[in-house]
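Colleague: I am just starting out with protein models, and I would like a close look at one part of this one. Please begin with the cysteines and follow the chain from there, taking your time over each step.

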Amino acid sequence: MAVPGRTPRLAVWKFASCDGCQLTLLDCEDELLGIAAAVEIAYFPEATRGVIRGHYDLSLVEGSITTPHDAERIHEVRRRSTHLVTIGACATAGGIQGLRNFADVAEYSSVVYARPDYIETLATSTPIAAHVPVDFELRGCPIAKSQLIEVITAFLAGRRPVTPSHSVCIECKLKGNVCVMVAHGTPCLGPVTHAGCGALCPSYHRGCYGCYGPMETPNPAPLSQALTELGMGKRDLQRVYRNFNANAPAFREESERHDA
């Protein structure tokens, strides 16, 4: 993937986000030393002020597109990147800020800001893939450290990353967890949520919140029926799908089925 005779260049970009997925890269600690030895970290404002300009072999992009400026900037990032990987719920699904897609942004701006005419924003929050071609999407809020290392390693080796596409329920089975819905009647999005967190919440007897977004082939309607039987009303059903991945198609469509 790199230019012959040159160390592969890695760039990390931020759009509308909380920086949590970039911090996951820094949290790699010992593994980061190995990554730093294999690539040249050419652009990463979260970690260094040093910038190597030019073309980048792998760009990791965090955040969603929420302003006209960012809608233009992502095209520049794409032009300068051989491979572009989106990391996190904001970049892959529009993030928690995707809740604006169900409301009137102009109305909210007029209520929140003393001078809304100073605010330059888009009516929607959209994933990177809605604007430019993306080579791989790494889901999560935040992403998993092990999966991030796998993605970087895979692109250095010239292969496609291997990350699970099954649901959190499989992770629960692999860990020997008792199903929180069946055993305790706890609402859980695990049956329709992409694996990757290691079934973190169910392992502590809490329902899955859907941090990793929809699994590869979700079927949320039967889950919604089961949640209804647990006592959830239409408003609660709508809310449960409108969180970190509210704008992900499967979650957005299912939430809209329960408009009160």
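Modeller: Happy to. We need one cut-off first: a residue counts as buried when its relative accessible area is under 20%, and as exposed when that area is over 50%. C21 has a relative accessibility of 7%, so C21 is buried. Please keep in mind that this is a predicted model.

Now to the cysteines themselves. A disulfide is a covalent bond between the sulfur atoms of two cysteines. To count one here, the two sulfur atoms must lie within 2.5 Å of each other. By that rule, the model has zero disulfides. C21 shows how this works out: the nearest cysteine sulfur belongs to C141 and is 6.5 Å away, and C21 is in no disulfide. C28 is another case, because its closest cysteine sulfur, in C21, is 12 Å away and thus too far for a bond. C28 is buried too, since its relative accessible area is 0%.

Next, look at the backbone. Most residues other than glycine have a negative phi, and most peptide bonds are trans. Against that background, E29 stands out with a positive phi of about 50°, although E29 is not a glycine. You will find E29 in the loop between α1 (20-26) and α2. With a relative accessible area of 52%, E29 counts as exposed. The other exception involves C141, whose sulfur we met beside C21 in the disulfide search. The peptide bond from C141 to P142 is cis, with omega near 0°. P142 sits in the loop between β5 (136-138) and α6.

Those two loops lead us to a pair of helices. Two packed helices are described by the angle between their axes and the distance between the axes. For α2 (residues 30-38) and α6 (residues 145-157), the axes come within 11 Å and cross at roughly 20°. That angle is under 35 degrees, so α2 is roughly parallel to α6. The crossing of α2 past α6 is left-handed. On the α2 side, E31, I35 and A38 make the contact, and on the α6 side the partners are K145, I149, I152 and L156. Sorted by class, these contact residues are five nonpolar, no polar and two charged.

Beyond α6 comes another loop to explore. S167 is in the loop between α6 and α7 (168-175). Its relative accessible area is 7%, so S167 is buried. Apart from its close sequence neighbours, S167 touches G190, P191, T193, A195 and M215.

Continuing along the chain, M181 belongs to helix α8 (residues 180-184). M181 is buried, because its relative accessible area is 15%. Leaving out residues up to four places away in sequence, M181 touches T186, P187, C188, L223, A226, L227 and L230. Its C-alpha atom is 9.6 Å from that of H205, which is 24 residues away along the chain.

After α8 there is a second positive phi to notice. A199 has a phi of about 55° and is not a glycine. A199 lies in the loop between α8 and α9 (200-203). Its relative accessible area is 0%, so A199 counts as buried.

L223 and L227, which touch M181, return in another helix pair. Helix α10 (residues 220-229) packs with helix α11 (residues 234-241) at an angle of about 135°, the axes being 10 Å apart. This makes α10 oblique to α11. Their crossing is right-handed. P220, L223, S224, L227 and T228 of α10 meet L237, V240 and Y241 of α11. Six of the contact residues are nonpolar, two are polar and none is charged.

Our last stop is R242, in the loop between α11 and α12 (249-256). With 17% relative accessibility, R242 falls under the cut-off and so is buried. Setting aside neighbours within four places in sequence, R242 is in contact with L99, F102, S255, E256 and D259. T217 is 25 residues from R242 along the chain, and their C-alpha atoms are 19 Å apart.

Methods
Residues numbered from 1 in each chain as written. Predicted model: local features only at pLDDT ≥ 70, side-chain atom pairs only at ≥ 80, totals over all residues. Heavy atoms only, no water. Helix = DSSP H or I, 4+ residues; strand = E, 2+ residues; numbered from the N terminus. Buried < 20%, exposed > 50% of the residue type's maximum accessible area, 1.4 Å probe, protein only. Contact = heavy atoms within 4.5 Å. Axes fitted to C-alpha atoms, helices over the stretch in contact; angles between N-to-C directions. Parallel < 35°, antiparallel > 145°, perpendicular 65-115°, else oblique. Left-handed = near helix turned anticlockwise from the far one by under 90°. Nonpolar A, V, L, I, M, F, W, Y, C, P; charged D, E, K, R; others polar.
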